[in-house]
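I opened the model to look up its overall layout first, and then to follow one helix in more detail.

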Amino acid sequence: YTSLTKLVSGRGDAIAGSIILNPNTEKGRWMQQDMAKDVDRCGGLHESDARAMVHNSIDFPQRNAKINETAERLADFLEGHPDVETVWYPKLCAPLFSKVQKHDGGYGGLLS
């Protein structure tokens with residue numbers, strides 16, 4: 001799941017999200033069917049949110065680069081902190097990530 005409101009929009013003037021489902025699994029098919037009910041009832045993304053997302057995403061590459069840089073620095077700092085047991089961040093806990101990572105890509109802005 002991705003919060004398009006925070007990451008892509010970056011302005012707080014739109015509400016949106018995305019989810020990727022695997023329809024080849026029982027849970028993926030169930031979730032896809034269940035979500036289709038809500039989209040039909042609610043109509044999907046509101047037009048004003050869609051317009052804001054398009055407008056706000058113009059500088060997404062620059063903001064995303066900064067998000068990647070900041071999150072990586074924070075993860076590195078926390079990994080070395082004596083009061084932190086584990087940092088869940090792709091660079092530190094998902095060795096296969098680097099095999100599929102783009103040459104100029106980062107590790108993302110999510111960590112815990």
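Before counting, I fixed the term: a contact means heavy atoms within 4.5 Å. With that cut-off, and looking only at contacts with a separation of 6 or more, I found that residues 24 or more positions apart account for 46% of them in the protein. I keep in mind throughout that this is a predicted model.

Next I looked up the secondary structure, which consists of six helices and two strands, and reading along the sequence I noted the pattern β-α-β-α-α-α-α-α.

For the overall dimensions, I noted a radius of gyration of 17 Å, whereas a compact globule of 112 residues would have one near 13 Å. Along the principal axes, the C-alpha atoms fill a box of roughly 50 × 35 × 30 Å. Buried residues make up 17% of the 112 residues, and of the accessible surface of about 8,800 Å², 57% belongs to carbon and sulfur atoms.

I then checked the charges, 13 positive and 15 negative, and found their mean positions to be 3 Å apart.

Which residues of helix α3 are buried? In α3, which spans residues 47-56, I listed D49, A52, M53 and N56. These cover an arc of only 100 degrees around the axis, and therefore lie on the same side of α3. As a general point, an α-helix has 3.6 residues a turn, so residues three or four places apart point the same way.

Against what do the buried residues of α3 pack? I found α1 (5-9) and α4 (60-79) as their partners, while the face of α3 turned away from its buried side carries the exposed residues E47, R51, V54 and H55.

Conventions. Residues are numbered from 1 along each chain as its sequence is written. This is a predicted model: local features need pLDDT of at least 70, side-chain atom pairs count only at pLDDT 80 or more; totals for chains, interfaces and linings use all residues. Side-chain values use heavy atoms; hydrogens and water are left out. Helices (H or I, at least four residues) and strands (E, at least two) are DSSP runs, numbered from the N terminus. The radius of gyration is taken over C-alpha atoms; the globule rule is 2.2 Å times the number of residues to the power 0.38. Buried means under 20% relative accessible area, exposed over 50%, partly exposed in between (1.4 Å probe, protein chains only). Accessible areas come from the Shrake-Rupley method with a 1.4 Å probe; for residues, only the protein chains shown count as cover. Lys and Arg count as positive and Asp and Glu as negative; His and the chain ends are not counted. The place of a charge is taken as NZ of Lys, CZ of Arg, CG of Asp or CD of Glu. The arc is that of the directions from the helix axis to the C-beta atoms.
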